[in-house]
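User: I would like to go through this model with you and ask what supports each description that we give it.

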Amino acid sequence: MTGPDPVSLWHRLADTCVLLDGFHALKHAVRFGAEVPVAVAVDRGAALALAEELAPDVRDTLDALLTQIPEPAYASLVPRPHPTGVAALAVRPSRAAHLDKLAHTPRTAPVVVLDNPRNLGNAGAVIRLAAGFGATGVVTTGTLDPWHPTVVRGGAGLHFATAVERLTVAELPPGPVFALDPEGDDIRGVKLPDDAVLAFGSERSGLSPELRARAGHLVALPMRPQVSSYNLATSVAMTLYHWSLGGS
């Protein structure tokens, strides 16, 4: 392939683009329309064979994108080499476009809110879940950057399949707020509307006072006595599945 040296191009763009770490992150980003200015592979042929097997719909696109580089050069570009030996940089989607999508009503699917989350991997897993369920978007409050490379790695590139932004509680999208809380009503008796804002507290301290005050409904997941909590991603999965059933 001809064109700019991919390693030099990578270094020019790394500070302003999103790291796609591994074949699956690149595959999903391409499927959902990401702009990918540079993509590299230690073994281009193996990466294209993987695409032929697992993602034939994007095989031709990856053929045009991927440049083979030596393993030491690849390892110098990423914080932790991925087993597939593939990495890419993508242009981050427009914040304004995401905010418009989050604010648009009526919605046909909920927005998931992670209130001051702490664990980067959990945040990535939630974004992957939200994309799978077709949620309108995922909003985080607090200091965690939902576009951190570790979050994008945990989300397998599916940030590009939904609207992902960080907002304050005061900036949350419109819609009835259903907040998960152990003292809330059993979710099995609650219908979650399509325009719901589904809020989940942090792994350490639960809902913030600001989010709790914003909530119109507190709902609880069924849980065996003496079990203290579920993993954050598990809680989101259970709640989105309940919403997907369409009834109480």
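**Contacts, compactness and one helix**

Analyst: The model is a predicted one. In the protein chain, 80% of the contacts with a separation of 6 or more are between residues 24 or more positions apart.

User: What makes the protein chain as compact as a globular protein of that length?

Analyst: Its secondary structure comes to 10 helices and 10 strands. The radius of gyration is 20 Å, and the globule rule gives 18 Å for 248 residues; the two values are close, so the chain counts as being as compact as a globular protein of that length. Along the principal axes, the C-alpha trace spans about 60 × 35 × 30 Å.

User: What share of the 248 residues is buried?

Analyst: Taking buried to mean under 20% relative accessible area, buried residues make up 48% of the 248 in the protein chain. The accessible surface comes to about 11600 Å², and 52% of that belongs to carbon and sulfur atoms.

User: Which residues of helix 1 are buried, and how do you know that they are on the same side?

Analyst: In helix 1, which runs over residues 6–13, the buried residues are P6, V7, L9 and W10. They cover an arc of only 160° around the axis, and therefore they lie on the same side of helix 1. On the other side of helix 1, H11 and R12 are exposed, a word that requires over 50% relative accessible area.

User: What covers the buried residues of helix 1?

Analyst: The cover includes strand 1 (17–21), strand 2 (38–41), strand 3 (66–68), helix 5 (71–77) and strand 4 (86–91).

Methods. Residues are numbered from 1 along each chain as its sequence is written. This is a predicted model: local features need pLDDT of at least 70, side-chain atom pairs count only at pLDDT 80 or more; totals for chains, interfaces and linings use all residues. Side-chain values use heavy atoms; hydrogens and water are left out. Helices (H or I, at least four residues) and strands (E, at least two) are DSSP runs, numbered from the N terminus. The radius of gyration is taken over C-alpha atoms; the globule rule is 2.2 Å times the number of residues to the power 0.38. Buried means under 20% relative accessible area, exposed over 50%, partly exposed in between (1.4 Å probe, protein chains only). Contact means heavy atoms within 4.5 Å. Accessible areas come from the Shrake-Rupley method with a 1.4 Å probe; for residues, only the protein chains shown count as cover. The arc is that of the directions from the helix axis to the C-beta atoms.
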